[in-house]
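The following exercises concern strand order, helix packing and residue burial. Each task is followed by a solution in steps.

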Amino acid sequence: MFLINGVPFQYLEIQFELLNRKTEILHLIKSLGRGGAEMLLPISYKYASHDQFEYSYAYFLKGKDDLVYLLKENGAQVHSFEAGGNREILLSAFSLAKYCKSNKVDIIHAHLPIAGVVARIAGRIAKIPVVYTEHNLMERYHPITRFLNKSTFAMQAHVVSVSRDVEQSIRKHTNTKVPVSTVLNGIDTLQFKRDLTGGEELRKQYTIPMDATVIGFVAVFREQKQLPVWLKVAATILKSHPDSYFLLVGAGPLSDEIENLRDTLGLTNRLILPGLKENVRQHLSAMDIFFMSSKFEGLPLALLEAMACECAIVATKVGGIPEVIESGISGLLVSDQSQQEMAEALRFYLTNKEEIKAHGIAARQRVEEAFSIQRMVKELEGIYRSLIA
């Protein structure tokens, strides 16, 4: 064996190759549909250190590929393992390990529990470190999902939580010895800023008077968001402030229920349901107040986007939301259990309209200071560097 200063030449060759090539990061997620965790991937790719890291992306669920074109449009490689459900996803571990070896992946960064479980098993097989981001409170998962997540938790190199509340949930449910870092979600504040012209055009399109106060929300229509509660509060507000308009952007499993409830509650002519929108900046710019009624959250991107667009915020104090909103300064926090509190917070803005503008400006400043995508990417890449080192 040929030695240089007592070190095998083959070993030195491997080290030289590692030092002179980009670090390969594979982001792994269950689907590339339009969820909050999924949206972070194409946004963060734009601000990554491409001179040091090579990013690629992989997902499982067939048909849930809305964001694939955004990644590919920016030059990223995207691979689909084409699984039909959780069982097929879990059986993909060997295929994932083989893929990682073939593509010289250095770190797998998994998002959400099922992808996390598969990544840990594949990482163990391929001898690749795994970083896992927890985007939600662990107690909110199905018991089987939570069990699988917990039982493989030690098989990873680093855990990222999107809020301190999520970090506390991780420590409570796992007693993990794996390093845990809180890296707060971020958004592109250059992309998300108030578009006055676009907001006015949208109001004209929906025949909303320019001087009307618009209360809105952007969400996937599922149980977590408590949209029936949102509509009931809207109906209450309309009785005391009949000049109010409501804008509920999105779609999902509860779409039919929401549409029927709109008519039942007498909101037909005041609640606009534009459906799912690819770019929500114009809709956020048409809103004065962003009203978030969720019963649980991690750290929601839609909230940060609304703040960046200078909406005054009324939001439930759940998950990471209290870490974002300084109540009374950049918005108002309310109980997720009290429709009365929600309505009172909205009435405060409707009777003190100067506070809408003041809190909206403060919300924008808050996002710029603490929740930029550039800061988020920098912190994540610091974790990657520590693992490679």
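The model examined here is predicted.

**Exercise 1. Determine how α13 and α16 are oriented relative to each other, and characterise their contact.**

Step 1. Helix α13 spans residues 301–308 and helix α16 spans residues 353–370; their axes are 7 Å apart and the packing angle is about 120°.

Step 2. Angles of 65 to 115 degrees count as roughly perpendicular and those over 145 as roughly antiparallel, the rest above 35 being oblique. The two helices α13 and α16 are therefore oblique to each other.

Step 3. On the α13 side, the contact involves Leu304, Met307 and Ala308; on the α16 side, Gly360, Ala363, Arg364, Arg366 and Val367. Sorted by class, this contact of α13 with α16 comprises five nonpolar residues, one polar residue and two charged residues.

**Exercise 2. Carry out the same analysis for α15 and α16.**

Step 1. Helix α15 covers residues 339–351, and its axis comes within 4 Å of that of α16, with a crossing angle of roughly 105°.

Step 2. An angle between 65 and 115 degrees counts as roughly perpendicular. Helices α15 and α16 are therefore roughly perpendicular to each other.

Step 3. Phe348, Tyr349, Leu350 and Thr351 of α15 meet Lys353, Glu355, Ile356 and His359 of α16. The contact of α15 with α16 divides into four nonpolar, two polar and two charged residues.

**Exercise 3. Describe the seven-stranded sheet, its edges and the helices that pack on its strands.**

Step 1. The sheet is open, its pairing is parallel, and its strand order is β5-β4-β3-β6-β7-β8-β9.

Step 2. Strands β5 (77–83) and β9 (180–182) each have a single partner strand, so they stand at the edges and one side of each lacks a neighbour in the sheet. From one strand to the next, the twist averages 20°.

Step 3. Within the sheet, β3 (residues 23–29) and β6 (residues 107–111) run parallel and are joined by five bridges. Leucine 26 has isoleucine 108 in β6 as its bridge partner.

Step 4. Helix α2 (residues 36–46) packs on the sheet and touches β3, β4 (53–61) and β6, its direction making about 155° with that of β3. Helix α8 (residues 164–174) lies across β7 (130–134), β8 (158–161) and β9, and runs at about 160° to β9.

**Exercise 4. Establish whether serine 161 is buried or exposed, and locate its surroundings.**

Step 1. Serine 161 belongs to strand β8.

Step 2. A residue counts as buried under 20% relative accessible area. Serine 161 has a value of 0%, and it is therefore buried.

Step 3. Apart from neighbours within four places in sequence, the contacts of serine 161 include Glu134, Val166, Glu167 and Ile170, together with Val180, Ser181, Thr182 and Val183. The C-alpha atom of serine 161 is separated by 5.8 Å from that of threonine 133, although the two residues are 28 residues apart along the chain.

**Exercise 5. Place β14 among its partner strands and assess its burial.**

Step 1. Strand β13 (residues 289–292) runs parallel to β14 and is joined to it by four bridges; isoleucine 289 has alanine 312 in β14 as its bridge partner.

Step 2. Strands β14 and β15 (residues 332–334) pair in the parallel sense over three bridges, and the bridge partner of threonine 316 is valine 334 in β15.

Step 3. Together, β13, α13 and β14 form a right-handed β-α-β unit.

Step 4. In β14 (residues 312–316), five of five residues are buried. Ala312, Val314 and Thr316 cover one side, while Ile313 and Ala315 lie on the other, and all are buried.

Conventions: Residues are numbered from 1 along each chain as its sequence is written. This is a predicted model: local features need pLDDT of at least 70, side-chain atom pairs count only at pLDDT 80 or more; totals for chains, interfaces and linings use all residues. Side-chain values use heavy atoms; hydrogens and water are left out. Axes are lines fitted to C-alpha atoms, for helices over the stretch in contact, and angles run from 0 to 180 degrees between N-to-C directions. Contact means heavy atoms within 4.5 Å. Ala, Val, Leu, Ile, Met, Phe, Trp, Tyr, Cys and Pro count as nonpolar, Asp, Glu, Lys and Arg as charged, and the others, Gly among them, as polar. Two strands pair if DSSP finds at least two bridges between them. Buried means under 20% relative accessible area, exposed over 50%, partly exposed in between (1.4 Å probe, protein chains only). A crossover is right-handed if, with the strands pointing away from the viewer, the path from the first strand over the helix to the second runs clockwise.
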